[in-house]
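Reader: Could we go through the cavities in this protein, and then one of its helices?
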Amino acid sequence: MNAPVDVLGLEKFAVGQPVTRKEDPKLLRGEGRYTDDISLPGQVYAVIVRSRVAHGRLLGIDTEAARTMPGVLGVYTGADLAAAGYKRMPTGGVVFKNRDGSPMQQPMQLPLTTDKVRFVGDPIAFVVAETIKQAKDAAEAVMPDIDPLPAVTTARAADAPGAPLVHDEVPGNLVLDFHWGDSEAVAAAFARAAHVTKLPIRNSRVVVSPMEPRSAIGEYDPAREHWTLRLGSQGVFGMRNLIRNVLNVPVEKVRVLTGNVGGSFGMKASCYPEYICLLHAARALGRPVKWTDERSDSFLSDSHGRDHDMTPSIALDAEGHILALRIEGYGNLGAYQSNATAQPPTMNAVRNSIGVYRTPAQEVNSRVMFTNTTPVGPYRGAGRPEGNYYIERLLDTAAAEMGIDRVEIRRRNHIRPEEMPFKTPAGTEYDSGDFPTVLDKALALADWDNFAQRKIESRKRGKLRGRGIGQYLEVTAPPTNEMGGIRFEPDGTVTIITGTLDYGQGHASPFAQVLTTRLGIPFEKINLLQGDSDQLIAGGGTGGSKSIMASGAAIIEAGEQVIENGRKIAAHVLEAAVVDIEFSQGRFTIAGTDRAIGIMELAEQLREGLQLPEGVPNTLDVRHIHKNAPAAYPNGCHVCEVEVDPDTGEVAVVRYSMVNDFGVVINPLLVEGQAHGGIVQGIGQALRESVRYDEDGQLMTGSYMDYALPKADNVPSFAYGSHPVPAKTNLLGAKGCGEAGCAGALPSVMNALVDALSEFGIRHIDMPATPLRVWETIQQARSTGAR
């Protein structure tokens, strides 16, 4: 009972240590288990038949030829699914009210459309066959009869008088007429302002493009009338609720399983029509039905990201102090709501456009529109990077127009540490942060003061050099009810059970670090269970940079219950009073003595049948639910330098530095990796990526031949710094980090580019700043003069 404590081992894997990811050795050996790696006995294959027309009346579907083809087991249409009694697809995201108080539009969407097709890729039927090749061949033989209608692809065009109606029952294609703020106060501030900067900004549409395409397998057990769905997701507990609502069955009739997931960025969080199709066919055929998307279809069927057309404006006094912020414009929701969300161009624009700046008044007016395009859903940040982009571009532009240094205008408007807690007009309350110091540290790390010499060196090589700041603050998703389960296994290991889900972040190590630090359980003995809905009693899933705050707090609270139960059990084993039992570094000790027993030893005795008196817990296992918690406010400052070739328009990111405040950092190695990934995605959107449709609604960027993702040679090495100020809104003091890279990258890259082009009088350029766009902008500036 007095085995020594491995203090060095506990410290090595404690909170704050750069521990490598638990899963990496397995993944690097090719032993990961992604959905497409799974093959079940008797498995058959599904292929989805999609509309090749962006908009039209669906007059009928001829499936006879497909049904008679070799290996075909079934061909199903929307009529078949409707006859099965399934409900509508769920409405994605938060349901808002219009400015007049009426509810936002929520038109009916069935798993397979029966009346109209509304975008290229709209699922209209599916085929199931013995082999994937047979299913593909038969899908080609399905012949829909579609009467084409005019299409509309941009939100602004969808709002024009006489625009084609995507949903006949939605007047003017208007999903939501959103308003936030004190209009009178904002108008008064703009009226008395010494200077107003107004800047139309296009936030381009992007393809999510995770490494792993979507895949799913549906099973049905007729004896239990029970479905099992295996798929990549962002949380099985929430996905089960979405699925069972469409199937119209009790929750206990559905089980959702998720193994390894190769990226999602928000896209795999929602319920897609394909999943209902698979479960329907599994019941109809009595066999497991598998579907794996191919990249060409992924470009059409996976939800897209961003796509906002906004005109933010800012009112300032003569010294450059912010008086008010106004944002007006459009959000493009795409054709349906089930895989889309109205939150990014509305409330997330509200909450994240304040940034780190003292803003007395704010107003946001967004018109969210249906269009004949792929639905637009959450994408790494989901409105957070966009909001920060608006305010950072406005400040750089205003500084140039007013003749104020761009650093100084930020310093004049910073919310200062002594003002915390700070209430904003967005309805948020910042609990912590040191924004001036973060800026100063970032400038020092970037060697800001010696930029002039680097600019001269670039000029000698015929290049223009610019530098840009992106000082951001994000409002994380507030942690919802989250499970904190701790289970001591028969083999001597310990399993954490929680409802967030790792789709590439590496949750297993930081969660284990939290448990090791609190309970002293050896790091290598800890496993993570997250992907089985039957094992969960709650689960908010992963998204909005909240996982460590939700699951981490749940683990801490569950750990306290383990300790409380363990004190009672240890008191019996050590023959002492419960009040005399202390716990530290994994050991229960009688106060003032050296008599002790380790938590793992106690668990072993319980496994071996330790006899306990009545009233003493007979297990250390805990199933706990952490209740809702407030949001946190990760923030930081990114500094980017770019070189531009004026003869070709080519833009290169040549230096990149950042200082972040993520509060208490559980694992700095993983946190820095998250920042790197977000930055690369931000650089991709800023300089390369853009979804394009033609006037008929056909996707023109439907493959990597036409859609340019960022590559390793598009980014430099990153200089990383940290200035953590612990959050006061959660038990860990953490602030979340998953989306912050994008929030800092978009403004710092684009501000740097505008700085480089400023010698031509250029004050703004929209994303993506491709070589062609940059070259054309330079030529136009040269021919017309400063603009």
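Author: A cavity here is a set of points, on a 1 Å grid over the protein atoms alone, where a 1.4 Å probe fits but cannot get out; lining residues have an atom within 4 Å of a point. Grid points are joined across faces, edges and corners, and a volume is the space filled by probe spheres set on the points. This is a predicted model, in which local features need pLDDT of at least 70, side-chain atom pairs count only at pLDDT 80 or more, and totals for chains, interfaces and linings use all residues. Residues are numbered from 1 along each chain as its sequence is written, and side-chain values use heavy atoms, with hydrogens and water left out.

Reader: How many cavities of 30 Å³ or more are there?
Author: There are three. The largest has a volume of about 100 Å³.

Reader: Which residues lie nearest the centre of that largest one?
Author: They are F119, P123, P273, S301 and N339, out of 16 lining residues.

Reader: And the second largest cavity, what is its volume?
Author: The second largest cavity holds about 80 Å³ of space. Its lining also has 16 residues, with R306, H308, T341, P344 and V376 closest to the centre.

Reader: Turning to helix α15, which residues are buried?
Author: In α15 (residues 451–460; helices are DSSP runs of H or I, at least four residues, numbered from the N terminus), F451, R454 and S458 are buried, meaning under 20% relative accessible area with a 1.4 Å probe, protein chains only.

Reader: Why are they on the same side of α15?
Author: They cover an arc of only 60° around the axis, taken from the directions from the helix axis to the C-beta atoms.

Notes:
On a 1 Å grid over the protein atoms alone, a cavity is a set of points where a 1.4 Å probe fits but cannot get out, and a pocket is an open set with protein on both sides within 12 Å along at least five of seven lines; lining residues have an atom within 4 Å of a point. Buried means under 20% relative accessible area, exposed over 50%, partly exposed in between (1.4 Å probe, protein chains only). Helices (H or I, at least four residues) and strands (E, at least two) are DSSP runs, numbered from the N terminus.
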